[in-house]
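Here is a short report on selected residues and their surroundings. The structure comes first, then the notes.

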Amino acid sequence: MKRAPDAACLYCQYPEDTAEHTIFDCAYWDPLRLPVKMFVGNRNITPGDVQDLLCGPSDVPFSENDRLRAASKRATQSFYDMVDNILSCKEHDERIAETERRANAVAAAPTD
């Protein structure tokens, strides 16, 4: 996927549209983050949460292992789904924006 000519976020105009900004910070994607937030105490997800979301917490007593393993699988799937949804939607929107930029450039081009 090519980057947009402007490095600012298409949705909130944050100056640098990085993967970290998109996945964790851009308010536009907050609704897609909701299912994952329940796995981190209903707070905003941070890059520091990714290891626990993907691997499960490391400080769990062995007696709670089965219950936690099931919860960890749900957290992992929820995180994967969130990232996939955000990136798929963003790619779709960027394609539309690129098509519009090209159409505007053609319309603005001088004709002979």
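## A buried lysine

In this predicted model, the side chains of Lys37 and Asn44 are joined by a polar contact of 3.5 Å. Lys37 lies in helix 2. Lys37 is buried, yet it has no salt bridge. Asp30 offers the nearest side chain of opposite charge, 6.2 Å away. Because a salt bridge requires the charged atoms to lie within 4 Å, that pair does not qualify.

Which residues does Lys37 touch, leaving aside neighbours within four places in sequence? Its contacts are Asn42, Arg43, Asn44 and Ile45. Asn44 is thus both a contact and the polar partner of the Lys37 side chain.

## The two faces of helix 2

Helix 2 spans residues 30-37, and its buried residues are Arg33, Val36 and Lys37. They sit on the same side of the helix, because they cover an arc of only 95 degrees around the axis. An α-helix has 3.6 residues a turn, so residues three or four places apart point the same way.

The buried residues of helix 2 pack against helix 1 (19-25), helix 3 (50-55) and helix 4. Pro31 and Leu34 are exposed, on the face turned away from the buried side.

## Ser78 in helix 4

Ser78 belongs to helix 4, residues 65-108. Is Ser78 buried or exposed? Ser78 is buried because its relative accessible area of 12% falls under the 20% cut-off.

Not counting residues up to four places away in sequence, Ser78 touches Pro35, Val36 and Phe39. Val36 is also one of the buried residues of helix 2.

Definitions and conventions: Residues are numbered from 1 along each chain as its sequence is written. This is a predicted model: local features need pLDDT of at least 70, side-chain atom pairs count only at pLDDT 80 or more; totals for chains, interfaces and linings use all residues. Side-chain values use heavy atoms; hydrogens and water are left out. Helices (H or I, at least four residues) and strands (E, at least two) are DSSP runs, numbered from the N terminus. Buried means under 20% relative accessible area, exposed over 50%, partly exposed in between (1.4 Å probe, protein chains only). Contact means heavy atoms within 4.5 Å. The arc is that of the directions from the helix axis to the C-beta atoms. Lys and Arg count as positive and Asp and Glu as negative; His and the chain ends are not counted. A polar contact is a pair of N or O atoms within 3.5 Å; within protein, one must be able to donate a hydrogen and the other to accept it, and residues adjacent in sequence count only if both atoms are side-chain atoms.
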